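Colleague: Please take a close look at one part of this model and explain how it is put together. I should like a single connected account, with the criteria stated as they arise.

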Amino acid sequence: MQVDVIIPTYRPGSEFGQLISKLQKQEYPIHKIIIINTEVGEFPQMLESEPYQIEVTHIRQEEFDHGGTRNMGASISQADIVLYMTQDAIPADNQLIERFVEIFKTAKSQAVYQTEIRPFGKSV
C-alpha cells in the first residue's frame, strides 16, 4: 500500500524541518510528502529541492480553506492511503506510518484519527 502524507503549512517554523526529517526516516516508506503552503515567501526554500519525494504547491492566503486545502492535497495524491498532518506535529518514532498502515490492513478501516497532546516542543 502506498502512503502519501499531506501537510498544509502557513509560515512553518523550525519544527517543520524536524517533521520532514522524521518522516524521511520512517521504516514504512512514504510514497510522497505533499505540502500545500500558504504564502510562498514564508516557506523554507531548501525543502523544495529536497531529493526525497516532496511536492510543494503554493497558494495565496485567500485561497486557503481548512477542508478545501486538504482536498487539494488529496487530489494530487495517487496513493492508497493519505495521512494528514499539521506542520508542527513531529512523530515520536520511526513507526508512525507503519502503525497507520497496519490499522487499515487489519481492521478494514476507511478512516483513522489519532491525536496525542504533549507540551509544546515535545514529539507526538
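Colleague: About how much area does the chain expose, and what share of it do carbon and sulfur atoms supply? Then, turning to helix 1, which of its residues are buried, and against which strands do they pack?

Modeller: This is a predicted model, in which local features need pLDDT of at least 70 and side-chain atom pairs count only at pLDDT 80 or more, while totals for chains, interfaces and linings use all residues. Residues are numbered from 1 along each chain as its sequence is written, and side-chain values use heavy atoms, with hydrogens and water left out.

The chain exposes about 7,400 Å², of which carbon and sulfur atoms supply 50%; accessible areas come from the Shrake-Rupley method with a 1.4 Å probe, and for residues only the protein chains shown count as cover. Of its 124 residues, 35% count as buried, meaning under 20% relative accessible area, with exposed being over 50% and partly exposed in between (1.4 Å probe, protein chains only).

The chain has 3 helices and 4 strands, taken as DSSP runs (helices H or I, at least four residues; strands E, at least two) and numbered from the N terminus. Their order from the N terminus is β-α-β-β-α-β-α.

Helix 1 spans residues 14-24, and its buried residues are Glu-15, Phe-16, Leu-19, Ile-20 and Leu-23. These residues lie on the same side of helix 1 because they cover an arc of only 145° around the axis, the arc being that of the directions from the helix axis to the C-beta atoms. They pack against strand 1 (3-10), strand 2 (32-38) and strand 3 (54-59), where contact means heavy atoms within 4.5 Å.

The sheet that receives helix 1 is open and has 4 strands in the order 3-2-1-4, with parallel pairing; two strands pair if DSSP finds at least two bridges between them. Strand 3 and strand 4 (81-84) stand at the edges with a single partner strand each, so one side of each has no neighbour in the sheet. From one strand to the next, the twist averages 20°. Strand 1 and strand 4 pair in the parallel sense over 4 bridges, and Ile-6 has Tyr-84 of strand 4 as its bridge partner. The direction of helix 1 makes about 175° with that of strand 1; axes are lines fitted to C-alpha atoms, for helices over the stretch in contact, and angles run from 0 to 180 degrees between N-to-C directions. Helix 2 (residues 66-76) also packs on the sheet, touching strand 1, strand 2, strand 3 and strand 4, and its direction makes about 145° with that of strand 2.

Two of the strands that helix 1 touches are also linked through side chains. Lys-32 and Glu-55 form a salt bridge at 3.1 Å, N to O, a term that requires a side-chain nitrogen of Lys or Arg within 4 Å of a carboxyl oxygen of Asp or Glu. Lys-32 belongs to strand 2 and Glu-55 to strand 3, so the pair ties together parts 23 residues apart in sequence. Lys-32 is buried at 18% relative accessible area, whereas Glu-55, at 27%, is partly exposed.
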